[in-house]
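Biologist: I would like to learn how to read this model one feature at a time. Where should we start?

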Amino acid sequence: MFGFGKKIEIKKIEINEGYRRYVKNPDKIVIICADEQKDFDELHIADAECLPLRLMDDFEEYYPDQDLNYYVYAINPAISERAYKKIYKKGYRVYDLGSFIDYHELEEGLHASKRNRRRKR
């Protein structure tokens with residue numbers, strides 16, 4: 001399907017803009033953190049889900065719906081890019097949000113700042 005040397009064009013969305021798009025269309029977008037669960041538990045985008053890069057080869061088992069848009073990010077932008085490629089090759093609509101370090105919107109996790117922490121309902 002993909003020949004050696006064929007370059008994949010990565011569709012990118014700035015991470016804060018990606019979250020704002022998610023807030024407007026939460027039924028059409030899934031935000032996925034490609035970091036390990038322990039890092040995700042420390043701090044992550046509000047409402048994001050965790051699927052570590054090492055599990056991305058089985059993406060369709062976790063996310064069978066190909067009609068959604070998948071936004072992927074990680075602490076390290078190289079991890080996010082690798083996750084993007086794995087998801088893209090499976091035929092999903094995916095966008096790379098890049099590095100979590102640049103994120104300033106609502107957060108969840110053990111180390112969420114008071115300013116950006118999701119309020120418990």
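Modeller: Start with accessibility. A residue counts as buried under 20% relative accessible area, as exposed over 50%, and as partly exposed in between. Keep in mind that this is a predicted model.

Biologist: Does Lys12 count as buried or exposed?

Modeller: Lys12 has 54% relative accessibility, so it counts as exposed. Asp96 is the opposite case: its relative accessible area is 2%, which means that it is buried.

Biologist: What do the side chains of Lys12 and Asp96 form where they meet?

Modeller: They form a salt bridge, with an N to O distance of 3.3 Å. The pair ties together distant parts of the chain, 84 residues apart: Lys12 belongs to the segment before helix H1 (15-24), and Asp96 to strand E5.

Biologist: How many salt bridges does the structure hold?

Modeller: The count is nine. One of them joins Glu17 and Arg21, at 3.2 Å from N to O.

Biologist: Where do Glu17 and Arg21 lie?

Modeller: Both are in helix H1, and the spacing of four residues is about one turn of the helix. Glu17 is partly exposed, with 28% relative accessibility. Arg21 is also classed as partly exposed, at 37%.

Biologist: Which salt bridge does Arg54 make?

Modeller: The side chain of Arg54 meets that of Glu36, with 2.9 Å between N and O. This pair also links distant parts of the chain, 18 residues apart: Arg54 is in the loop between strand E3 (49-50) and helix H3 (59-62), while Glu36 is in the loop between strand E1 (29-33) and helix H2 (37-42). Arg54 is exposed at 57% relative accessibility, and Glu36 is partly exposed at 29%.

Biologist: Which residues are joined into one network by salt bridges that share partners?

Modeller: The network consists of Glu17, Arg20, Arg21 and Glu105.

Biologist: Now the cysteines. How many disulfides are there?

Modeller: A disulfide needs two cysteine sulfur atoms within 2.5 Å. By that rule the count is zero.

Biologist: Why is there no bond from the sulfur of Cys33?

Modeller: Its closest cysteine sulfur belongs to Cys50 and is 5.2 Å away, so the gap is too far for a bond. The result for Cys50 mirrors this, because the cysteine sulfur closest to it is that of Cys33, at 5.2 Å. Cys33 is buried, with 1% relative accessible area. Cys50 counts as buried as well, at 18%.

Biologist: Next, the sheet. What is the order of its strands?

Modeller: The order is E3-E1-E4-E5, in an open sheet of four strands with parallel pairing. E3 and E5 are at the edges with a single partner strand each, so each has one side without a neighbour in the sheet.

Biologist: How many bridges join E4 to E5?

Modeller: Six bridges join strand E4 (residues 69-74) to E5, and the two run parallel. Among the facing residues, Tyr70 has Val94 of E5 as its bridge partner, and Tyr71 stands opposite Tyr95 in E5.

Biologist: What should I keep in mind about side chains along a strand?

Modeller: In a regular strand the side chains alternate between the two faces of the sheet.

Biologist: How many residues of E5 are buried?

Modeller: Strand E5 (residues 93-99) has five of its seven residues buried, so it is mostly covered, given the cut-off of under 20%. Two helices lie across E5: H1, which also lies across E1 and E4, and H4, which also lies across E4.

Biologist: At what angles do H1 and H4 run?

Modeller: H1 runs at about 140° to E1. For H4 the angle is about 175°, taken to E5.

Biologist: What unit do E4, H4 and E5 make?

Modeller: Together with helix H4 (residues 77-88), the strands E4 and E5 make a right-handed β-α-β unit.

Biologist: One backbone feature to finish. What is the phi of Asp47?

Modeller: Phi is near 75° there, a positive value in a residue other than glycine. Asp47 sits in the loop between strand E2 (44-45) and E3. With 34% relative accessibility, Asp47 counts as partly exposed.

Technical notes:
Residues are numbered from 1 along each chain as its sequence is written. This is a predicted model: local features need pLDDT of at least 70, side-chain atom pairs count only at pLDDT 80 or more; totals for chains, interfaces and linings use all residues. Side-chain values use heavy atoms; hydrogens and water are left out. Buried means under 20% relative accessible area, exposed over 50%, partly exposed in between (1.4 Å probe, protein chains only). Two strands pair if DSSP finds at least two bridges between them. A crossover is right-handed if, with the strands pointing away from the viewer, the path from the first strand over the helix to the second runs clockwise. A salt bridge is a side-chain nitrogen of Lys or Arg within 4 Å of a carboxyl oxygen of Asp or Glu. Contact means heavy atoms within 4.5 Å. Axes are lines fitted to C-alpha atoms, for helices over the stretch in contact, and angles run from 0 to 180 degrees between N-to-C directions.
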